[in-house]
Amino acid sequence: MKTHFAPFTDLEDIEQAPCGTWLGESPELSGDWAEVDCLLCQKRKERIIAAAADEERFIVEQMGDMAAFMRAEG
Ligand SMILES: [Zn+2]
């Protein structure tokens with residue numbers, strides 16, 4: 001069985017690896033690229049990392065908006 005990359009902390013709810021592979025009942029997942037031997041994951045590595053970075057930026061942006069909102073309110 002291949003080990004797929006999974007950056008998530010909540011592994012219980014994962015049905016599909018970031019590479020698009022549907023996972024079975026006991027999926028092999030790792031947040032460490034050195035342990036990932038799924039070729040699809042490795043091939044999409046940069047895109048997966050970029051997507052995670054995008055999400056992070058979005059969350060940070062939202063938090064910034066909220067902080068600005070609260071400053072404006074207060
Ligand atoms: Zn994979």
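Tutor: Start with a term. A residue counts as buried if 20 or more other C-beta atoms lie within 10 Å of its own, and as exposed if 12 or fewer do. The model here is predicted.

Student: What percentage of the residues of the chain count as buried?

Tutor: By that cut-off, 14% of the 74 residues are buried.

Student: How many buried residues does α2 have among its 29 residues?

Tutor: One. Helix α2 is hardly covered.

Student: How do you know what helix α2, residues 45–73, should span?

Tutor: Take 1.5 Å times one less than the number of residues. For the 29 residues of α2, that rule gives 42 Å. The end C-alpha atoms of α2 are 42 Å apart, so the model agrees with the expected span.

Student: Which elements make up the chain, and in what order from the N terminus?

Tutor: The order is β-β-α-α. That is two strands and two helices.

Student: What would the radius of gyration be for a compact globule of 74 residues, and what does the chain have?

Tutor: The globule would have a value near 11 Å, but the chain has 16 Å. The C-alpha trace spans about 55 × 25 × 20 Å along its principal axes.

Student: What makes R47 exposed or buried?

Tutor: Count its neighbours. R47 has 11 other C-beta atoms within 10 Å. The cut-off for exposed is 12 or fewer, so R47 is exposed. R47 lies in helix α2. Its C-alpha atom is 14 Å from that of H4, 43 residues away along the chain.

Student: Why is M63 classed as it is, exposed or buried?

Tutor: M63 has 10 C-beta neighbours inside 10 Å, so it counts as exposed. M63 also lies in helix α2. The C-alpha atoms of M63 and C41 are separated by 30 Å, with their positions 22 residues apart in the numbering.

Student: Why does W33 count as exposed or buried?

Tutor: W33 has 12 C-beta neighbours inside 10 Å. The limit reads 12 or fewer, so W33 counts as exposed. W33 lies in the loop between β2 (28–30) and α1 (39–43). Beyond its neighbours within four places in sequence, W33 is in contact with F5 and K45. W33 and T3 are 30 residues apart in sequence, with C-alpha atoms 9.5 Å apart.

Student: Which residues make up the largest nonpolar core?

Tutor: There are eight: F5, A6, A17, L29, V36, C38, C41 and I48. Membership takes burial plus links through C-beta atoms within 7 Å. In soluble globular proteins, nonpolar side chains tend to be buried together.

Student: What does F5 touch, not counting residues up to four places away in sequence?

Tutor: F5 touches P18, S30, W33, V36, C41 and I48. Among these, V36, C41 and I48 belong to the core.

Student: What share of the contacts with a separation of 6 or more joins residues 24 or more positions apart?

Tutor: Those residues account for 49%.

Student: Which elements have the lowest and the highest mean pLDDT?

Tutor: β2 has the lowest, 89, and α1 the highest, 95. The chain has a mean pLDDT of 87, and 92% of its residues reach 70 or more.

How values were computed. Residues numbered from 1 in each chain as written. Predicted model: local features only at pLDDT ≥ 70, side-chain atom pairs only at ≥ 80, totals over all residues. Helix = DSSP H or I, 4+ residues; strand = E, 2+ residues; numbered from the N terminus. Rg over C-alpha atoms; globule rule 2.2 N^0.38 Å. Contact = placed C-beta atoms within 7 Å. pLDDT = per-residue confidence, 0-100.
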